[in-house]
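Q: Please take a close look at one part of the following model, namely the enclosed space within it. A connected account is requested, which may then move outward to other features.

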Amino acid sequence: NIVTVSVPVIGEVRCHRTLIPQLRAALRDVVASGLSHTLDPAHYGGCYSPRFIGHNPSGRLSHHSWGVAIDVNVAENMFGTRPDQDRRLVEIMEEWGFTWGGRWLIPDGMHFEWVRFP
């Protein structure tokens with residue numbers, strides 16, 4: 001179920017196939033809204049990555065393990081720091097069924113996780 005495809009702005013991603021239509025649609029909306037500049041393809045952190053949260057084998061599996069989470073603008077949004085994503089980008093991603101890690105108790109501002117169909 002893990003596929004490699006090209007999406008707007010970011011380019012090539014490797015994610016779960018069910019996530020791809022929502023991700024493509026969200027990124028098309030980003031482009032149509034003139035917000036491409038809010039995503040830095042050079043700071044794309046990945047989607048599919050089989051690992052534990054925090055790389056701690058005694059913890060839970062990361063949603064990246066199933067290819068349903070994507071990290072963007074990683075340099076400006078390190079785990080546990082004040083999130084720095086454009087709010088318009090966050091709104092578009094949320095409209096397409098993603099939740100944003102920047103709202104978590106310990107923020108993960110780079111992280112968008114697919115949680116529902118729009």
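How many cavities of 30 Å³ or more does the count come to?

A: The model is predicted, and every value below is computed from it. The count comes to one cavity of 30 Å³ or more. The volume of the largest cavity is about 30 Å³.

The lining of this cavity may be described residue by residue. I10, L23, L27, L39, I70, V72, L89 and M93 line the largest cavity. By class, this lining divides into eight nonpolar residues, with no polar and no charged residue among them. Two helices take part in the lining: α1 and α2 each supply at least two of its residues. Helix α1 spans residues 20-32, and helix α2 spans residues 87-95.

Among the lining residues, L89 merits separate attention. L89 is found in helix α2. The relative accessibility of L89 is 0%, so L89 counts as buried, the cut-off for that class being under 20%. L89 also takes part in a contact across the sequence: L89 and D29 are 60 residues apart along the chain, yet their C-alpha atoms are separated by 9.2 Å.

Beside the enclosed cavity, the model has open space as well. The largest pocket holds about 420 Å³ of space. This largest pocket is lined by 15 residues, of which R51, I53, G54, F79 and D108 are the closest to its centre. The lining of the pocket is mixed in class, with four nonpolar, six polar and five charged residues. The lining of the largest cavity, by comparison, has eight nonpolar residues and no polar or charged ones.

Nonpolar side chains also appear on the outside. F52, L61 and W66 form a nonpolar patch on the surface, and together they present about 280 Å² of accessible area. Of these residues, W66 is placed in the loop between α1 (20-32) and β3 (69-71). W66 counts as partly exposed because its relative accessibility is 44%.

Two loop residues stand out for their backbone geometry. In general, most residues other than glycine have a negative phi. V9, which is not a glycine, has a positive phi of about 70°. V9 lies in the loop between β1 (2-7) and β2 (11-16), and its relative accessibility of 25% means that V9 counts as partly exposed. N73 is another residue other than glycine with a positive phi, here near 50°. N73 is placed in the loop between β3 and α2. With a relative accessible area of 5%, N73 is buried, since buried means under 20%. The two loop residues therefore belong to different burial classes, V9 being partly exposed and N73 buried.

Charge pairing is the next feature to consider. Side chains of opposite charge can pair when their charged atoms come close. A search of the whole structure finds two salt bridges. One of them joins R88 and D86, whose closest N and O atoms are 2.8 Å apart. R88 counts as partly exposed because its relative accessibility is 43%, and D86 is likewise partly exposed, with a relative accessible area of 22%. The other salt bridge joins R103 and E94, with 2.8 Å between the closest N and O atoms. R103 counts as exposed because its relative accessibility is 52%, the cut-off for exposed being over 50%.

One further contact concerns the end of the chain. P118 lies in the segment after β5 (111-114). P118 is exposed, with a relative accessible area of 53%. P118 and G97 are 21 residues apart in sequence, while their C-alpha atoms are 5.0 Å apart in space.

To return to the part in question, the count gives one cavity of 30 Å³ or more. Its lining consists of eight nonpolar residues, among them the buried residue L89.

Key:
Residues numbered from 1 in each chain as written. Predicted model: local features only at pLDDT ≥ 70, side-chain atom pairs only at ≥ 80, totals over all residues. Heavy atoms only, no water. 1 Å grid on protein atoms, 1.4 Å probe; cavity = no way out; pocket = protein on both sides within 12 Å on 5 of 7 lines; lining within 4 Å. Points joined across faces, edges and corners; volume = space filled by probe spheres on them. Nonpolar A, V, L, I, M, F, W, Y, C, P; charged D, E, K, R; others polar. Patch = residues over 30% accessible without salt bridge, like charges linked within 9 Å, V, L, I, M, F, W, Y side chains within 5 Å. Areas by Shrake-Rupley, 256 points an atom, 1.4 Å probe, with all protein chains shown as cover. Salt bridge = Lys/Arg side-chain N within 4 Å of Asp/Glu carboxyl O. Helix = DSSP H or I, 4+ residues; strand = E, 2+ residues; numbered from the N terminus. Buried < 20%, exposed > 50% of the residue type's maximum accessible area, 1.4 Å probe, protein only.
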